[in-house]
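Dear colleague,

I am passing on the structure we spoke about, with some notes to read beside it. Please open it first and keep it in view while you go through the rest.

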Amino acid sequence: VTTDGAYAEYVKVPAYQLYRIPDEVGFAEGTLFQPMSGAQHAVRISNMQLGDTVAVFGAGTIGLLAMLWAKALGAEKVIAVEVVERRIAVAKTIADVVFNPTKCNVVEEIQKLTNDIGPHAVIECSGNTQAQSQALDVVRKGGCVVLYGVSHEPTPVNFLSTTTREITIKGGLASQGAYPLSIQAVKSKKIDTSGIPIMKVG
C-alpha cells in the first residue's frame, strides 16, 4: 500500500510480508487471499458467535468474502445489502437474503426478518455513508457494527441511540495476521471461493 511499483512483473518486498501459495491453490484463487484476510478480520472483530445473524452491507469482493466467512464461522443467517444488480446476483448465491436499498426500506425489512430484534453483527463493507447509518440503525441492542468500508465523507451518527442501545462500533483495518487461516481455509476447501468473480487481465 505504501510502496510504489507493485504492478510490475517483479517487486522486492521484505520476506516476512510474503506467504507461499500452496500447490493445491491456483494463482487466481491466490489473488483473493488479501481481501479474504481483510474480510476474515472484519468478521472476527465483530465477535459473532455460532448461530448468530449477520448482515453485510456491500457485496463487492470483500463483502462477498465476509459473507463466506460468516457462514464458515457458524452464522445461522447471513443478510446482504447491495444496490448493483450484478453484485446482487452473486450475493444471492451466498447470503440467505439479499436486499436492494433502492427498492425497499432496508432497516424495516431486516427488522421484520429478525422479529424486530436486528442482527447480532453488521459488517459494513461499502463505505457509503447512508449504508453506515443504516448499519447502526439496524443492529440489535448490544450488537456490534464493524466499519470496514472506507468512507470519504462524514457519516451522521445518532449517538443517543448508540448509547441507549449499547452498540459497539469498531473500525476495521487491513487483516491483522489473518493470512495463514485464509490460506488454510481455501486449501482445505472450508471456504469455496469459486463463485467470487475474478477478472483476468492480459
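Below is what was found, taken region by region.

Please bear in mind throughout that this is a predicted model.

I begin with the segment before α1 (27-30), which is where Val11 lies. Val11 counts as partly exposed because its relative accessibility is 45%, and together with Val13 and Leu18 it makes a nonpolar surface patch of about 250 Å². Ile21 also lies in the segment before α1, and with a relative accessible area of 27% Ile21 is partly exposed. Once residues up to four places away in sequence are set aside, Ile21 touches Gly26, Phe27, Gly30 and Phe33. Between Ile21 and Val138 there are 39 Å from C-alpha to C-alpha, the two being 117 residues apart in sequence.

Next comes helix α3, which covers residues 61-72. Its 12 residues, at 1.5 Å a residue, should span 16 Å, and the C-alpha atoms at its ends are 16 Å apart, so the expected and computed values agree. The buried residues of α3 are Gly63, Leu64, Leu65, Ala66, Met67, Leu68, Trp69 and Ala70, and these pack against α2, β1, β2 (77-81), α4 (85-91) and α8 (179-187). Just after the helix, Gly74 takes a positive phi of about 105°.

Gly74 appears again among the contacts of Asp52, a residue placed in the loop between α2 (33-45) and β1 (53-57). Leaving out neighbours within four places in sequence, Asp52 is in contact with Asn47, Gly74, Ala75, Glu76, Lys77 and His120. Which side chain of opposite charge is nearest to Asp52? That side chain is Arg140, at 6.7 Å, and Asp52 has no salt bridge although it is buried.

Finally, two loop residues deserve a look for their backbone angles. Most residues other than glycine have a negative phi. Asn115, however, which is not a glycine, has a positive phi of about 55°; its place is in the loop between α5 (106-113) and β4 (121-124), and it counts as exposed because its relative accessibility is 64%. Glu166, likewise not a glycine, has a positive phi of about 55° and is found in the loop between α7 (159-164) and β6 (168-171). At 62% relative accessibility, Glu166 counts as exposed, the cut-off for that word being over 50%.

With best wishes

Key. Residues are numbered from 1 along each chain as its sequence is written. This is a predicted model: local features need pLDDT of at least 70, side-chain atom pairs count only at pLDDT 80 or more; totals for chains, interfaces and linings use all residues. Side-chain values use heavy atoms; hydrogens and water are left out. Patches are made of residues with over 30% relative accessible area and no salt bridge: like charges are joined within 9 Å, nonpolar side chains (Val, Leu, Ile, Met, Phe, Trp, Tyr) within 5 Å. Accessible areas come from the Shrake-Rupley method with a 1.4 Å probe; for residues, only the protein chains shown count as cover. A salt bridge is a side-chain nitrogen of Lys or Arg within 4 Å of a carboxyl oxygen of Asp or Glu. Helices (H or I, at least four residues) and strands (E, at least two) are DSSP runs, numbered from the N terminus. Buried means under 20% relative accessible area, exposed over 50%, partly exposed in between (1.4 Å probe, protein chains only). Lys and Arg count as positive and Asp and Glu as negative; His and the chain ends are not counted. Contact means heavy atoms within 4.5 Å. The expected span of a helix is 1.5 Å times one less than its number of residues.
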